[in-house]
Amino acid sequence: MPGPAEIKSMAVVMPAHDEEHHIGKALVALKVAADALHREYPNMEVRIVVVLDNCTDRSGEIAAAHTSADNRFSVVNVKLRSTGASRGYGFRKALEQLPAEDAAGIWLATTDADSMVPRHWLTRQVELANAGADALLGSVEPDPADMDPAVHRRWLELHPFREDHQHIYGANLGIRASAYLSAGGFPGLRAHEDRVLVERLRYRGFTVTATDSVRVLTSGRTHARAPEGFAAYLRSLATELPAGELPAAAGS
(Lines give C-alpha, C1' and ligand atoms only; values in the text may rest on other atoms or scores of the structure.)
Protein backbone atom coordinates (compact mmCIF):
# COMPACT_ATOMS: atom_id res chain seq x y z
CA MET A 1 0.00 0.00 0.00
CA PRO A 2 1.55 3.35 -1.01
CA GLY A 3 2.33 5.85 1.76
CA PRO A 4 1.13 9.46 1.90
CA ALA A 5 2.21 11.74 -0.93
CA GLU A 6 5.22 13.87 0.00
CA ILE A 7 4.46 17.57 0.34
CA LYS A 8 6.28 19.51 -2.38
CA SER A 9 4.56 22.88 -2.29
CA MET A 10 2.63 25.04 0.16
CA ALA A 11 -0.15 27.62 -0.05
CA VAL A 12 -1.05 29.83 2.91
CA VAL A 13 -4.10 32.08 3.15
CA MET A 14 -4.68 34.89 5.64
CA PRO A 15 -8.11 36.55 5.39
CA ALA A 16 -8.47 40.02 6.93
CA HIS A 17 -11.25 42.49 7.62
CA ASP A 18 -10.18 45.81 9.14
CA GLU A 19 -7.24 44.38 11.08
CA GLU A 20 -4.94 47.42 11.12
CA HIS A 21 -4.09 46.85 14.79
CA HIS A 22 -2.97 43.23 14.32
CA ILE A 23 -2.09 42.43 10.71
CA GLY A 24 1.46 43.80 10.86
CA LYS A 25 2.48 41.48 13.69
CA ALA A 26 0.61 38.60 12.05
CA LEU A 27 2.55 39.04 8.79
CA VAL A 28 5.90 39.32 10.56
CA ALA A 29 5.22 36.00 12.33
CA LEU A 30 4.09 34.36 9.09
CA LYS A 31 7.24 35.49 7.25
CA VAL A 32 9.40 34.03 10.02
CA ALA A 33 7.53 30.71 9.65
CA ALA A 34 7.92 30.78 5.84
CA ASP A 35 11.65 31.50 6.18
CA ALA A 36 12.00 28.56 8.57
CA LEU A 37 10.20 26.33 6.06
CA HIS A 38 12.61 27.38 3.30
CA ARG A 39 15.60 26.60 5.47
CA GLU A 40 14.25 23.11 6.17
CA TYR A 41 12.84 22.49 2.66
CA PRO A 42 14.77 24.78 0.27
CA ASN A 43 13.10 23.40 -2.86
CA MET A 44 9.53 23.77 -1.62
CA GLU A 45 7.44 26.29 -3.53
CA VAL A 46 5.40 28.59 -1.28
CA ARG A 47 2.55 30.95 -2.14
CA ILE A 48 0.99 33.18 0.53
CA VAL A 49 -2.21 35.07 -0.22
CA VAL A 50 -3.52 37.87 2.02
CA VAL A 51 -7.23 38.38 1.28
CA LEU A 52 -8.43 41.84 2.32
CA ASP A 53 -12.19 41.54 2.57
CA ASN A 54 -14.02 44.87 2.43
CA CYS A 55 -11.32 46.63 4.46
CA THR A 56 -11.91 50.31 5.20
CA ASP A 57 -8.96 50.91 7.51
CA ARG A 58 -5.17 50.80 6.93
CA SER A 59 -4.97 47.00 6.62
CA GLY A 60 -4.10 47.20 2.91
CA GLU A 61 -1.39 49.81 3.44
CA ILE A 62 0.17 47.81 6.26
CA ALA A 63 -0.05 44.54 4.32
CA ALA A 64 1.64 46.13 1.31
CA ALA A 65 4.45 47.51 3.48
CA HIS A 66 5.17 44.06 4.88
CA THR A 67 4.85 42.00 1.69
CA SER A 68 5.72 44.09 -1.39
CA ALA A 69 9.40 43.08 -1.36
CA ASP A 70 8.66 39.36 -0.90
CA ASN A 71 7.51 37.53 -4.04
CA ARG A 72 6.05 34.68 -1.99
CA PHE A 73 3.24 37.03 -0.96
CA SER A 74 0.32 38.44 -2.89
CA VAL A 75 -2.41 40.73 -1.56
CA VAL A 76 -5.89 40.74 -3.07
CA ASN A 77 -8.94 42.89 -2.31
CA VAL A 78 -12.41 41.39 -2.29
CA LYS A 79 -15.88 42.35 -1.08
CA LEU A 80 -17.16 38.97 0.05
CA ARG A 81 -17.98 39.87 3.68
CA SER A 82 -17.37 36.27 4.64
CA THR A 83 -14.37 34.63 6.29
CA GLY A 84 -15.18 31.29 4.70
CA ALA A 85 -15.56 32.78 1.23
CA SER A 86 -12.32 34.74 1.71
CA ARG A 87 -10.37 31.62 2.72
CA GLY A 88 -11.80 29.76 -0.27
CA TYR A 89 -10.97 32.61 -2.65
CA GLY A 90 -7.42 32.76 -1.35
CA PHE A 91 -6.86 29.04 -1.82
CA ARG A 92 -8.22 29.18 -5.38
CA LYS A 93 -5.80 32.02 -6.20
CA ALA A 94 -2.88 30.16 -4.62
CA LEU A 95 -3.67 26.87 -6.34
CA GLU A 96 -3.72 28.64 -9.72
CA GLN A 97 0.00 29.26 -9.18
CA LEU A 98 0.91 25.70 -8.15
CA PRO A 99 1.10 22.41 -10.13
CA ALA A 100 -2.54 21.32 -10.45
CA GLU A 101 -1.64 17.72 -11.34
CA ASP A 102 -0.10 17.10 -7.92
CA ALA A 103 -2.84 18.16 -5.48
CA ALA A 104 -1.85 15.40 -3.05
CA GLY A 105 1.59 17.00 -2.80
CA ILE A 106 0.27 20.50 -2.02
CA TRP A 107 -0.40 21.54 1.57
CA LEU A 108 -2.86 24.35 2.34
CA ALA A 109 -2.57 26.28 5.60
CA THR A 110 -4.66 29.12 6.92
CA THR A 111 -4.50 31.51 9.84
CA ASP A 112 -6.11 34.82 10.74
CA ALA A 113 -4.87 38.39 10.52
CA ASP A 114 -5.23 38.87 14.28
CA SER A 115 -3.06 35.84 15.05
CA MET A 116 0.66 35.11 15.35
CA VAL A 117 1.91 31.70 14.24
CA PRO A 118 5.01 30.10 15.80
CA ARG A 119 8.30 29.82 13.91
CA HIS A 120 7.85 26.07 13.29
CA TRP A 121 4.19 26.39 12.20
CA LEU A 122 4.75 25.35 8.59
CA THR A 123 7.64 22.91 9.06
CA ARG A 124 5.68 20.94 11.66
CA GLN A 125 2.66 20.77 9.36
CA VAL A 126 4.82 19.33 6.58
CA GLU A 127 6.26 16.76 9.00
CA LEU A 128 2.80 15.59 10.05
CA ALA A 129 1.47 15.60 6.49
CA ASN A 130 4.39 13.49 5.28
CA ALA A 131 3.59 11.10 8.16
CA GLY A 132 0.05 10.63 6.83
CA ALA A 133 -2.17 13.49 7.99
CA ASP A 134 -4.70 14.86 5.49
CA ALA A 135 -5.75 17.69 7.80
CA LEU A 136 -4.28 19.27 10.93
CA LEU A 137 -6.21 21.01 13.67
CA GLY A 138 -3.81 23.16 15.64
CA SER A 139 -4.54 24.74 19.00
CA VAL A 140 -4.85 28.44 19.77
CA GLU A 141 -4.48 30.58 22.86
CA PRO A 142 -6.23 33.94 23.14
CA ASP A 143 -3.73 36.64 24.05
CA PRO A 144 -3.94 37.12 27.84
CA ALA A 145 -2.83 40.71 27.35
CA ASP A 146 -6.22 41.40 25.72
CA MET A 147 -8.35 39.66 28.31
CA ASP A 148 -9.66 39.83 31.81
CA PRO A 149 -7.64 37.24 33.82
CA ALA A 150 -10.80 35.45 34.98
CA VAL A 151 -12.01 34.97 31.41
CA HIS A 152 -8.57 33.72 30.35
CA ARG A 153 -8.55 31.20 33.21
CA ARG A 154 -12.00 30.00 32.13
CA TRP A 155 -10.72 29.57 28.59
CA LEU A 156 -7.81 27.45 29.81
CA GLU A 157 -10.17 25.29 31.88
CA LEU A 158 -12.32 24.54 28.84
CA HIS A 159 -9.49 24.22 26.29
CA PRO A 160 -6.58 22.36 27.90
CA PHE A 161 -3.51 22.20 25.67
CA ARG A 162 -3.04 18.58 24.63
CA GLU A 163 -2.75 16.26 21.64
CA ASP A 164 -5.94 14.83 20.09
CA HIS A 165 -8.01 17.77 21.29
CA GLN A 166 -11.55 18.30 20.05
CA HIS A 167 -11.31 21.91 18.91
CA ILE A 168 -11.32 23.44 15.41
CA TYR A 169 -9.91 26.90 14.74
CA GLY A 170 -9.70 28.65 11.40
CA ALA A 171 -6.69 30.52 12.81
CA ASN A 172 -4.71 27.27 12.85
CA LEU A 173 -5.71 24.80 10.19
CA GLY A 174 -3.87 22.79 7.54
CA ILE A 175 -5.25 20.55 4.78
CA ARG A 176 -3.85 18.47 1.94
CA ALA A 177 -5.09 20.09 -1.28
CA SER A 178 -6.47 16.83 -2.68
CA ALA A 179 -8.58 16.34 0.47
CA TYR A 180 -9.68 19.99 0.42
CA LEU A 181 -10.86 19.74 -3.18
CA SER A 182 -12.57 16.40 -2.56
CA ALA A 183 -14.53 17.92 0.34
CA GLY A 184 -15.66 20.88 -1.76
CA GLY A 185 -13.48 23.49 -0.07
CA PHE A 186 -14.55 26.11 2.45
CA PRO A 187 -18.27 26.92 2.45
CA GLY A 188 -18.99 30.63 2.06
CA LEU A 189 -20.14 31.17 5.64
CA ARG A 190 -19.54 34.12 7.98
CA ALA A 191 -18.72 31.71 10.82
CA HIS A 192 -18.01 28.01 11.40
CA GLU A 193 -16.71 27.45 7.86
CA ASP A 194 -13.79 25.58 9.42
CA ARG A 195 -16.07 23.20 11.34
CA VAL A 196 -18.16 22.39 8.28
CA LEU A 197 -15.07 21.62 6.21
CA VAL A 198 -13.62 19.32 8.89
CA GLU A 199 -16.95 17.49 9.22
CA ARG A 200 -16.89 16.87 5.47
CA LEU A 201 -13.31 15.58 5.63
CA ARG A 202 -14.13 13.15 8.44
CA TYR A 203 -17.25 11.96 6.63
CA ARG A 204 -15.13 11.14 3.59
CA GLY A 205 -12.65 9.17 5.67
CA PHE A 206 -9.65 11.50 5.52
CA THR A 207 -7.11 11.41 8.34
CA VAL A 208 -7.68 14.43 10.60
CA THR A 209 -5.01 14.99 13.27
CA ALA A 210 -5.46 17.37 16.21
CA THR A 211 -2.25 18.62 17.78
CA ASP A 212 -0.95 21.14 20.28
CA SER A 213 2.53 21.02 18.72
CA VAL A 214 1.65 24.07 16.58
CA ARG A 215 -0.03 26.57 18.92
CA VAL A 216 -1.09 29.98 17.57
CA LEU A 217 -1.52 33.11 19.71
CA THR A 218 -4.68 34.91 18.66
CA SER A 219 -6.41 38.11 19.67
CA GLY A 220 -8.35 37.94 22.92
CA ARG A 221 -10.71 40.72 21.92
CA THR A 222 -14.40 40.32 22.67
CA HIS A 223 -15.68 42.81 20.09
CA ALA A 224 -17.24 40.35 17.65
CA ARG A 225 -16.69 40.63 13.87
CA ALA A 226 -19.09 37.75 13.20
CA PRO A 227 -22.18 36.99 15.30
CA GLU A 228 -20.99 33.46 16.11
CA GLY A 229 -17.26 34.00 15.77
CA PHE A 230 -14.34 33.55 18.17
CA ALA A 231 -14.71 36.96 19.84
CA ALA A 232 -18.39 36.34 20.51
CA TYR A 233 -17.48 33.04 22.11
CA LEU A 234 -14.91 34.69 24.38
CA ARG A 235 -17.49 37.26 25.44
CA SER A 236 -19.91 34.45 26.27
CA LEU A 237 -17.36 32.95 28.68
CA ALA A 238 -17.70 35.98 30.94
CA THR A 239 -21.36 35.14 31.46
CA GLU A 240 -20.38 31.75 32.91
CA LEU A 241 -18.23 33.24 35.65
CA PRO A 242 -19.39 33.44 39.27
CA ALA A 243 -20.58 36.95 40.19
CA GLY A 244 -17.41 37.64 42.19
CA GLU A 245 -15.20 36.93 39.17
CA LEU A 246 -17.08 38.95 36.56
CA PRO A 247 -14.88 41.46 34.67
CA ALA A 248 -15.36 45.04 35.75
CA ALA A 249 -17.49 47.07 33.35
CA ALA A 250 -15.61 49.62 31.26
CA GLY A 251 -15.27 52.90 33.15
CA SER A 252 -16.15 51.40 36.54
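In what sense, parallel or antiparallel, do β6 and β7 pair, and over how many bridges? In this predicted model, the two strands pair in the antiparallel sense over three bridges, where strands and helices are DSSP runs numbered from the N terminus (E of at least two residues for a strand, H or I of at least four for a helix), and where two strands pair if DSSP finds at least two bridges between them. Because the model is predicted, local features need pLDDT of at least 70 and side-chain atom pairs count only at pLDDT 80 or more, whereas totals for chains, interfaces and linings use all residues. Residues are numbered from 1 along each chain as its sequence is written, and side-chain values use heavy atoms, with hydrogens and water left out.

**The sheet**

- Eight strands form an open sheet with mixed pairing, in the order β3-β2-β1-β4-β7-β6-β8-β5.
- β3 (73-78) and β5 stand at the edges with a single partner strand each, so one side of each is left without a neighbour in the sheet.
- β1 pairs with strand β2 (residues 45-53) in the parallel sense over eight bridges; alanine 11 stands opposite arginine 47 in β2, and the bridge partner of valine 13 in β2 is valine 49.
- β6 and β8 run parallel and are joined by eight bridges, with valine 140 opposite valine 216 in β8, while on the β7 side leucine 136 stands opposite glycine 174.

**Burial of two strands**

- Eight of the eight residues of β6 are buried, so this strand is largely enclosed by the rest of the structure; buried means under 20% relative accessible area, exposed over 50%, and partly exposed in between, with a 1.4 Å probe and protein chains only.
- In a regular strand the side chains alternate between the two faces of the sheet.
- Both faces of β6 are covered, with Ala135, Leu137, Ser139 and Glu141 buried on one side and Leu136, Gly138, Val140 and Pro142 buried on the other.
- β1 is mostly covered, eight of its eight residues being buried: Ser9, Ala11, Val13 and Pro15 lie on one side, and Met10, Val12, Met14 and Ala16 on the other.

**Helix α4 and the nonpolar cores**

- Seven of the 10 residues of helix α4 (residues 121-130) are buried, so the helix is largely enclosed by the rest of the structure; these are Trp121, Leu122, Thr123, Gln125, Val126, Leu128 and Ala129.
- The buried residues of α4 pack against β1 (9-16), α1, β4 (106-110), β6 (135-142), β7 (173-176) and β8, and glycine 132, whose phi is positive, near 125°, follows the helix.
- The largest nonpolar core (a set of buried Ala, Val, Leu, Ile, Met, Phe, Trp, Tyr and Cys residues joined through side-chain atoms within 4.5 Å) has 45 residues, and those with the most contacts inside it are Met10, Val12, Ile23, Leu30, Trp121 and Leu122.
- α1 gives the most to this core, with eight residues, and a second, separate core of 28 residues includes Val51, Ile168, Tyr180 and Val208.
- Not counting residues up to four places away in sequence, tryptophan 121 touches Val12, Leu30, Ala33, Ala109, Thr110, Thr111, Asn172, Val214 and Val216, contact meaning heavy atoms within 4.5 Å.

**Alanine 34**

- Alanine 34, found in helix α1, is buried with a relative accessible area of 0%.
- Leaving aside neighbours within four places in sequence, alanine 34 is in contact with Ile48, Arg72 and Leu122.

**Cavity and pocket**

- On a 1 Å grid over the protein atoms alone, a cavity is a set of points where a 1.4 Å probe fits but cannot get out, and a pocket is an open set with protein on both sides within 12 Å along at least five of seven lines, lining residues having an atom within 4 Å of a point.
- The largest cavity holds about 40 Å³ of space, and Ser139, Val140, His159, Pro160, Phe161, His165, His167 and Tyr169 line it.
- The second largest pocket holds about 160 Å³, a volume being the space filled by probe spheres set on grid points that are joined across faces, edges and corners.
- α1 (23-40), β5 (115-116) and β8 (208-218) each supply at least two residues of the lining of this second largest pocket, which includes His21, Lys25, Asp114 and Asp146.
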